[in-house]
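Visitor: Before we go through this entry, I would like to hear the reasoning behind each label you use, and not the label alone. Could you take me through it step by step?

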Amino acid sequence: MFYNRCRSVLLLTFDHEMCTNFPYRSSVWDHRKGAIDGETRQYLHLLNAQARELQVPLTYFVVASALEELDPGALAEAVRDGSEIANHTYSHVNVTATDPADLRGLYAQQPWLVGQRSAQAVIQDEIVAADQLLYRRLGCKATGFRTPYGFTAGIRSQPWLGTLLVKLGYRYVSSRYAGWDLWHEAGAEAGLDDARLLADLRASQPYQDPDGLWELPIVTPTDCHVFRPWRWPLDRWLQTLCRLVDLGYEHGLVVDLCCHPAILAACDPAAETVQAAVARARSKADGVWITTPSAFVLAQEA
Ligand SMILES: [Zn+2]
């Protein structure tokens, strides 16, 4: 039983990052992670408008370099609407790197940016700089952090990272991701049965670490799986989302849905993803709490 006697929880989260690689599937993953193209900007306004109409909050995990530009645009609008803004590093760095050569993204393309710093120092600078820019541009202190890429074991391979986040006032991290196997799993293109969805959902439930930081794992599949390697039609994605909401409700679980505006702008231009998930959640007699990660964490601790 969750807040307000709801039987399950739905978190609608979006990683605000790369876009110029998509929908051009033949190209490599674009590392200009903060660069948000016009099509994606328009789509963010559409997502915000839908959230207002449906009266649900969204959560944006923001690669902060996008905010170097003059107009914070759709993110400022989201803040005004009551949606949540959280930290996704400054440039989409690999936070598990212990060697500067493994930092990925920007640092793979421009390794001189590392300078004399250790990998840990670069990662720390990325998180602190993002935290500060989110505050300066949007006026909100982030309390949540999602690791770029997502890892089976989350950030626990880097204990200093949890310590840093707690020190910076963060309450939760979204770093675990049970879905890596799916990238290589034969047959996933055709669809995922309930047993597989439920197993991943059960493996993706929030918990609190001894240092007080909550972990809110990402549920699989994500739009990255289904529209990039698998090339699902939109209908199959929407049906799968609805099954995730159903399974969450039947088993009393948290569904932390992770999407990418740049991908959905190309593959779900009318933003049916949000409509379908919310409609399904609202069809449940005992209620599904559609909320943000920080509100979820606060309620757990109340
Ligand atoms: Zn990301």
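Guide: Let us begin with the contacts of the whole chain in this predicted model: among contacts between residues at least 6 apart in sequence, 78% join residues at least 24 apart. The secondary structure comes to 11 helices and 9 strands.

Visitor: What makes the protein as compact as a globular protein of its length?

Guide: The radius of gyration is 18 Å, and the globule rule gives 19 Å for 302 residues; the two values are close, so the protein is as compact as a globular protein of that length. Along its principal axes the C-alpha trace spans about 55 × 45 × 40 Å. Buried residues make up 57% of the 302 residues, and the accessible surface comes to about 12500 Å², of which 52% belongs to carbon and sulfur atoms.

Visitor: Which residues are called protein donors of the zinc ion, and why?

Guide: They are Glu17 through OE, and His88 and His92 through NE2, lying 1.9 to 2.2 Å from the zinc ion. A donor is an N, O or S atom within 2.8 Å of a metal such as this one, so these atoms qualify, although water is not among the atoms and the site may therefore look incomplete. In sequence the donor residues are spaced E-x70-H-x3-H. Glutamate 17 and histidine 88 link distant parts of the chain, 71 residues apart, with glutamate 17 in the loop between strand 1 and helix 1 and histidine 88 in the loop between strand 3 and helix 3.

Visitor: How do you know whether glutamate 17 and histidine 88 are buried or exposed?

Guide: Buried means under 20% relative accessible area. Glutamate 17 has 4% relative accessibility and therefore counts as buried, and histidine 88, at 1%, counts as buried as well.

Visitor: What makes the phi values of threonine 89 and glutamine 55 worth a remark?

Guide: Threonine 89 has a positive phi of about 70 degrees although it is not a glycine, and glutamine 55, also a residue other than glycine, has a phi near 60 degrees. Threonine 89 is found in the loop between strand 3 (84-87) and helix 3 (106-109), whereas glutamine 55 is in the loop between helix 1 (38-54) and strand 2 (59-62).

Visitor: Why is one of these two residues called buried and the other exposed?

Guide: Threonine 89 has 0% relative accessibility, which is under the 20% limit, so it counts as buried. Glutamine 55 has a relative accessible area of 70%, which is over 50%, so it is called exposed.

Visitor: Why is the peptide bond from threonine 220 to proline 221 called cis?

Guide: The peptide bond from threonine 220 to proline 221 has omega near 0 degrees and is cis. Proline 221 lies in the loop between strand 7 (214-215) and helix 7 (223-227).

Visitor: How do you know that strand 1 and strand 9 pair?

Guide: Pairing needs at least two bridges, and 4 bridges join strand 1 (residues 8-16) to strand 9, so the strands pair; they run parallel. Within this pair, leucine 11 stands opposite threonine 291 in strand 9.

Visitor: Which way do the residues of strand 9 point?

Guide: From strand 9 (residues 288-291), Val288 and Ile290 point one way and Trp289 and Thr291 the other way, and all are buried. In a regular strand the side chains alternate between the two faces of the sheet.

Visitor: What makes the link between aspartate 268 and threonine 273 a polar contact?

Guide: Their side chains are joined at 2.6 Å, and the limit for a pair of N or O atoms is 3.5 Å, so the distance satisfies the criterion. Aspartate 268 is in the loop between helix 9 (261-267) and helix 10 (272-282), and with a relative accessible area of 0% it is buried. Not counting residues up to four places away in sequence, aspartate 268 touches Tyr43, Leu234 and Thr273.

Visitor: Why is valine 114 called buried, and which residues does it touch?

Guide: Valine 114 has 6% relative accessibility, under the 20% limit, and therefore counts as buried. Valine 114 is in the loop between helix 3 and helix 4 (119-138) and touches Pro100, Leu103, Tyr107 and Val122, not counting residues up to four places away in sequence.

Definitions and conventions. Residues numbered from 1 in each chain as written. Predicted model: local features only at pLDDT ≥ 70, side-chain atom pairs only at ≥ 80, totals over all residues. Heavy atoms only, no water. Buried < 20%, exposed > 50% of the residue type's maximum accessible area, 1.4 Å probe, protein only. Polar contact = N/O pair within 3.5 Å; in protein donor to acceptor, adjacent residues only side chain to side chain. Contact = heavy atoms within 4.5 Å. Rg over C-alpha atoms; globule rule 2.2 N^0.38 Å. Areas by Shrake-Rupley, 256 points an atom, 1.4 Å probe, with all protein chains shown as cover. Donors = N, O, S within 2.8 Å, 3.2 Å for Na, K, Ca; no water.
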